[in-house]
Amino acid sequence: MKERVLRWLRCPQCRGELTLKVSERTTEEVMEGALLSSCGASYFIVKGVPRFVRSDEGVENFSYEWLRHRTTQLDTSVRKESEETFFTRSGLTREDLSGKLVLDVGVGTGRYADVAEQSNAEVIGVDLSYAVDSAFANVGRRPRVHIVQADLFHLPFLPFTFDAAYSIGVLHHTPDCQAAFRATAAMVKGGGKLGVWLYHGYREHPNSIRFYRGLAQKLPLPLLYLLSHGAVPGYYFHKIPVLRGLLTQLLPTVSHHPDWRWRVLDTFDWYSPKYQSTHTYDQVFDWFRRLDFEDIRPLRDAVSLVGTRRHTAPQRTTEKRNGKDPHPVAQS
């Protein structure tokens, strides 16, 4: 954790400022320590990540998959799939990101924080799962990236803090997607942009994915992960016309991504989440509208939209109060 992030962090319980107590540090990062609130709450910094939750309860599947697929979806010098997906599904541009403070809701292993940071944004990536450890290893030591483990419904920031925010494929995995959207939107300041991508509800897959998800929820995660490797040969079987129709009707849907590791990851990701909802453009457009967003644009990858918060929304500042530094550091 970089000390600079203290200017934005707040206690999720009282919204007060936090004092840093350092136990172990490197040149750039506080690796172990605590964040102390005047209300008496304290939050540990573990392995370079401030932890505003005590566990990953409810999202254990994401901890399981992202610790095993830490680099699977990261872009390389020859593959830019995450970059293409980010701009297609968030609706944000490099101009929207450059020089801006940006919130990544559901940072996972940092694949999109990587893209935003390379667009010259200062990114704070939040996740409830232990994927934050993978994200920190991948991108967390970069000067403009901060990784935080926190609950979306109790974010450790003040409202109207961020110039932009995005959430791609995350909000529909919460108990209440609309409430998760509201919590994310609340972080965006007037004139700031918000982009989201959610599962669409326009058609039901012939395999009835809900039926197979119901079965999958009863399986231990290691067994479900093992079964997800069926996507490896399944990719080739679906290329055979005589088998394609039969497999579609009888077997669960599997990912057809050309990278076999990605196929396993995607398939596990489809069936393992505890919560999973679907939505329509009209529904999400109305969410934006009700929260004072304008210039709301549907994007071509359903369901994805981007909007701009009206300039009448409050603006937050981080100036010193009464000439005192609001972010004191306690000596260890």
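In the predicted model, Lys2 is placed in the segment before β1 (18-25). With a relative accessible area of 7%, Lys2 is buried. The side chain of Lys2 engages two backbone positions: one of its polar atoms lies 2.7 Å from the backbone oxygen of Gly140, and a distance of 2.7 Å likewise separates a polar atom of this side chain from the backbone oxygen of Val145. When residues up to four places away in sequence are not counted, Lys2 touches Glu28, Glu29, Gly140, Arg141, Arg142, Pro143, Val145 and His146. The surroundings of Lys2 thus include the two residues that supply these backbone oxygens, Gly140 and Val145, together with Glu29.

The contact with Glu29 also involves charge. Side chains of opposite charge can pair when their charged atoms come close. The side chains of Glu29 and Lys2 meet in a salt bridge, with an N to O distance of 2.7 Å. Because Glu29 lies in the loop between β1 and β2 (30-37) and Lys2 in the segment before β1, this pair ties together parts that are 27 residues apart in sequence. Glu29 is buried, at a relative accessible area of 2%, and Lys2 is buried as well, at 7%.

A further salt bridge involves the segment before β1, here through Glu3. Arg25 pairs with Glu3, and the closest N and O atoms are 2.2 Å apart. Distant parts of the chain are linked by this pair, Arg25 being in strand β1 and Glu3 in the segment before β1, 22 residues apart. Arg25 counts as partly exposed at 45% relative accessibility, and Glu3 is partly exposed with a relative accessible area of 32%.

Across the whole structure, a search finds 17 salt bridges. One of the pairs is formed by the side chains of Lys189 and Asp163, at 3.3 Å from N to O. Lys189 belongs to strand β9 (residues 188-197) and Asp163 to strand β8 (residues 162-168), so the pair ties together parts that are 26 residues apart in sequence. Lys189 counts as buried at 17% relative accessibility, whereas Asp163 is partly exposed, with a relative accessible area of 23%. In addition, Asp114, Glu117, Arg142 and Arg144 are joined into one network by salt bridges that share partners.

Two members of that network, Asp114 and Glu117, are among the buried residues of helix α4. This helix spans residues 111-118 and is mostly covered, seven of its eight residues being buried. The buried residues are Arg111, Tyr112, Ala113, Asp114, Val115, Ala116 and Glu117. An α-helix has 3.6 residues a turn, so residues three or four places apart point the same way. After α4 comes Asn120, whose phi is positive, near 75°. Arg142, another member of the network, is also one of the residues touched by Lys2.

A different setting is found at Leu299, placed in the loop between β10 (293-298) and β11 (304-309). Leu299 is buried, with a relative accessible area of 12%. The C-alpha atoms of Leu299 and Ser90 are separated by 8.3 Å, although the two residues are 209 residues apart along the chain. With neighbours within four places in sequence left aside, Leu299 is in contact with Thr88, Arg89, Ser90, Gly91, Tyr281, Ser304, Leu305 and Val306.

Leucine side chains also contribute to the surface. Leu223, Leu226 and Leu227 make a nonpolar surface patch of about 290 Å². Of these residues, Leu227 is placed in helix α8 (residues 221-227).

Finally, the search of the whole structure finds zero disulfides. The sulfur of Cys14 has its closest cysteine sulfur in Cys39, at 3.7 Å, which is too far for a bond, because a disulfide requires the pair of sulfur atoms to be within 2.5 Å. The closest cysteine sulfur to that of Cys39 is, in turn, the one in Cys14. Cys14 counts as partly exposed at 33% relative accessibility, and Cys39 is partly exposed with a relative accessible area of 42%.

Note on methods. Residues numbered from 1 in each chain as written. Predicted model: local features only at pLDDT ≥ 70, side-chain atom pairs only at ≥ 80, totals over all residues. Heavy atoms only, no water. Buried < 20%, exposed > 50% of the residue type's maximum accessible area, 1.4 Å probe, protein only. Helix = DSSP H or I, 4+ residues; strand = E, 2+ residues; numbered from the N terminus. Patch = residues over 30% accessible without salt bridge, like charges linked within 9 Å, V, L, I, M, F, W, Y side chains within 5 Å. Areas by Shrake-Rupley, 256 points an atom, 1.4 Å probe, with all protein chains shown as cover. Salt bridge = Lys/Arg side-chain N within 4 Å of Asp/Glu carboxyl O. Polar contact = N/O pair within 3.5 Å; in protein donor to acceptor, adjacent residues only side chain to side chain. Contact = heavy atoms within 4.5 Å.
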